[in-house]
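Student: Please take one part of this model and look at it closely for me. I would like a connected account that starts with that part and then places it in its surroundings.

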Amino acid sequence: MKRITNISIFAAFILLAIGLIAPKFGLLEALATTTEINAESIAELIEISKPTRADYPSIGISSRSVVWILAQLHLFLAAFVLAVPLFVTVIEWLGVKTKDDRYDDMAHEFMKISMTAYSLTALFGGALAFALFLLYPHLMDYLFKVFDSQVLIYALLFFLESAILYAYYYSWDAMRYGDRKWAHLSLGLLLNVVGTTLLLVANAWATFMMAPSGVDIATGAVTGSIWEIMKGPLWNPVNLHRFIANIAFGGAIVGAYAAYKFLSSRTKEEKAHYDWMGYTSNFIAILAFLPLPFAGYWLMAEVYAYSQQMGITAMGGILAWLFIVQAVLIGTILLAANYYLWSGMSRVSGSKRYQWLIKYIAVVLVTGFLIWVTPHTLILSATEVATLGGSHHKLLGPLGIMPAKNIAVNLMLIFTFLSFQLYRRSDKEVTVSWENKANAVMVVIYVVAIANVIFAGVYYGYFTNTVYKVGSSVMQVASTLVVIVSGIVIDTLMFRGAKILPSVWGQVSTRSQYALFALPVAFTWLMALMGYVRSSVRTHWHVYTVMKDNSPDNYIPTIGHAGNMMTFATISFLLIVLFVFWIASLSNTKQIKPIGEGNA
Amino acid sequence: MPNIVRVLGFSLTIVLFFTLVANILPQVEGEAPVDKKVDLSALTMDTFIDMGEDIFKGKGTCTLCHNNMGRAPDILAFDAVATANDRLSNSKYKGNAVDPQSYFLESMKDTSMFVVEGFGQKGSNDTISPMPAANKPPIGLSNIEMDAVIAFLQSKDGNDVTVTLPTGDTSQLQQKTEEPALPVLAKTAEEAVTKFACTACHSVAGSKSLIGPDLSDIGTRLSKSEILESIVYPSAVIAKGFPPIMPANVADKISPIELRMLVDYLSNQKGE
Amino acid sequence: MNHLIVWIVALIVVLLVFYGLDHFIMSIQGLPLNLNMTPAG
């Protein structure tokens, strides 16, 4: 009887969520007829304004720099506050399922961290809006003509988000058990629905500027419905990528919080609590991180499909070097994540049987990283060309193209998953009878998948034509996914009834906690880097092919300048995050009343 | 040392490492296209060709793909005019150009009229080109700019330049290129015959091509309705000894006025 | 003896699965393969 009540309350909230969101989103209208356009109405539609350089307002410093920093900080914070409720709801639900209070307490603590961040997100959003209107009024005029009343819906959604967020957080202890807990979970679900909707709406503005749809390209006039405008070719790839990446990013940041609290813990219980929190955060971050390269690949594939030119500008033209920097960042992320997992194995005695594998995983990771970081086309002087014996190095040149890099990336992901899997197996002694058979299958899957990745990369990459070369990367991705999925499935089945060996939470090196700092720092800078690529593929266009950028900043800056801007944004964000953590800690602190004060 | 200092120091070190990486790589600044004023009255063919080369390597973004890295045919490496002639007589060619100059122009605007083997869009079996139209955004070359590029392509291998220098009072290089609202109709039958590339295969209006039947005396062999049929339904009746290769869609591009002109003209071709 | 058979069977099955997967993935992209994995057509 109780279960039926729980589920029905849950279901009621879901229906309420859908009922509230769908009409506001215009989904019902969107699902209706497509727009009818006739020739006269196109002529009547307002044409885009074409500002000259002199028309752009100037405040004495580079307008682009101002908007860049404000936008980046807004995005960092927004990614964080959208991500946290996503994994908090899951952890809260785990707490209900396992009846382990630790999960619920941790979920509650994560939410506390994100509350301060929420208001800061809104503040930076407002500042960004002001900067955009002040410095790019013509662009904003056009975008508002295109997106029309949808921007008001975005604003209204924020009222909803705030209300639900405050209700969700402040009702935590009041709705702790039984039916009320289910209602609380539903609030969490609703919060995530609204948050995701906000993400999707804002993504449409960015993807419209890259690949406009629903407008007449020649004049910029609006010809489609708001749904056609939103659903451009890049919208869903960006939606998927940002949704997943947010989770990875959020996990990494709360991991840093846990690491910091671990380092400053004084009691054994505190150390154990924060060590466990760090582990869980890292788990979330890595789990979400693994599918990201595939989402990113889809995004690039759609960019190429939309405009070969845009795709080549990104990966084969002036922005190509950024992808080498990306390799450095992801190498850092993978090394840090793996190092943390290996360090964590010291918590469990059962990990000793797997220690011998670690050095091989490390070799693969480092080799993969080196291959990935090898560039293909170098900008060489004449003497350098003569020394090199050509425009490409004979041995290293072939390592610079995508097939080699795809091999490297896929192997790095497979081996990271191996670290993951070994860690999860460390504290268990399997009791099922078919253990040997299952392990044989698992090992064989790893071996064949690795061989397949290498075969696909080498054969199709170097010995067939372009289309097969590109298509073979999907084969590689599939192989990696097979390893991950089969690993999770086989382990879950194998762990049934397994003997759990004790994990000594808190028994982990201080060094390992620094891995948890390296992770969010690298993630943050990487986010800035990739966001910069996404934004600058438009080259000298505000809205690609529709509205030219005639501002003084309408050129792609040098990679060094871009890097410096990203560093400024990252350091600023670091300081903001420290502030957020401090506030969260502060709310727990109570000053002890000094003796002698107060009522005498 | 307090934890906060250690943590901040560590984080800053990592950030600075990334910054260092970004700063030691080759620093290249992108260039946005700038309006250039060109004095057309002082323009020489050499300057025009140089302009074309600048556009090919700059604003036109041609070298982004047309290079030796295998993404598109490496135009700078082969004889462009000779290649154009080959393409025109290739059976896969679907366009309306009649000589290298018109071919080059067409290949910038209607990029799928001929797709080089292996370079088509994936899944299109080399029928759709991934090349964007150069006269549309984001490239947006004007007619003058495209002519300059053609001049460059013709001259770079030592071939004759057939493009004429632009004249007129437009002094700004960046023009708004608009597709004409109505197609430009041929004014005479001879113009039509050239426009629709009949001369590529048939001996007529000065051409001596032997690929298809000789049309210089077609008026003695076919009636007006038979001539009309052979233009609109080329595969209905195949002349003896000739391969059935006349494009089936030639008539799609011919307006009724031009078709009438052609039929009248051809029925009057009764040999010399 | 039993162990060896288990491994060999596992190897054969997984090889077949990946072989099928490769063919499937290439064919849905419009890039068919011959039986010996070379590009077809």
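Tutor: A helix is here a DSSP run of H or I with at least four residues, a strand is a run of E with at least two, and both are numbered from the N terminus. This is a predicted model, in which local features need pLDDT (the predictor's confidence in each residue, from 0 to 100) of at least 70 and side-chain atom pairs count only at 80 or more, while totals for chains, interfaces and linings use all residues. Residues are numbered from 1 along each chain as its sequence is written, and chains are lettered from A, with ligands numbered from 1, in the order in which they are written.

The part I have chosen is helix α8 of chain B, which covers residues 256–267 and therefore has twelve residues. From its first C-alpha to its last, α8(B) reaches 16 Å, close to the 16 Å expected at 1.5 Å a residue, where the expected span is 1.5 Å times one less than the number of residues. Its buried residues (20 or more other C-beta atoms within 10 Å of their own, against 12 or fewer for exposed and partly exposed in between, with C-beta atoms placed from the backbone) are B:Glu258, B:Met261, B:Leu262, B:Tyr265 and B:Leu266. Why do these residues lie on the same side of α8(B)? They do so because they cover an arc of only 120 degrees around the axis, the arc being that of the directions from the helix axis to the C-beta atoms. B:Pro256 and B:Ile257, by contrast, are exposed on the other side of α8(B). The partners against which the buried residues of α8(B) pack are two helices of chain B, namely α6 (189–195) and α7 (224–232).

To place this helix in its chain, consider the domain assignment (bounds come from an automatic or database assignment), which gives chain B a domain 1 at 40–155 and a domain 2 at 189–267. The centres of these two domains of chain B, taken over C-alpha atoms, are separated by 29 Å. Their contact (C-beta atoms, placed from the backbone, within 7 Å) takes four residues from domain 1 of chain B and eight residues from domain 2 of chain B. On the domain 1 side, the touching residues divide into two nonpolar, two polar and no charged, where Ala, Val, Leu, Ile, Met, Phe, Trp, Tyr, Cys and Pro count as nonpolar, Asp, Glu, Lys and Arg as charged, and the others, Gly among them, as polar.

Elsewhere in chain B, B:Ala80 lies in helix α3 (residues 80–88), and B:Ala80 counts as buried because 22 C-beta neighbours are found inside 10 Å. Leaving aside residues up to four places away in sequence, B:Ala80 touches B:Ile75, B:Leu153, B:Lys156 and B:Asp157. The C-alpha atom of B:Ala80 is also separated by 9.8 Å from that of B:Ile150, although the two residues are 70 residues apart along the chain.

Beyond its own fold, chain B has 31 residues in contact with 44 residues of chain A, and by class its side of that contact has 18 nonpolar, nine polar and four charged residues. Chain A has 21 helices and four strands, and buried residues make up 44% of its 600 residues. As for confidence, the model scores ipTM 0.95 and pTM 0.80.
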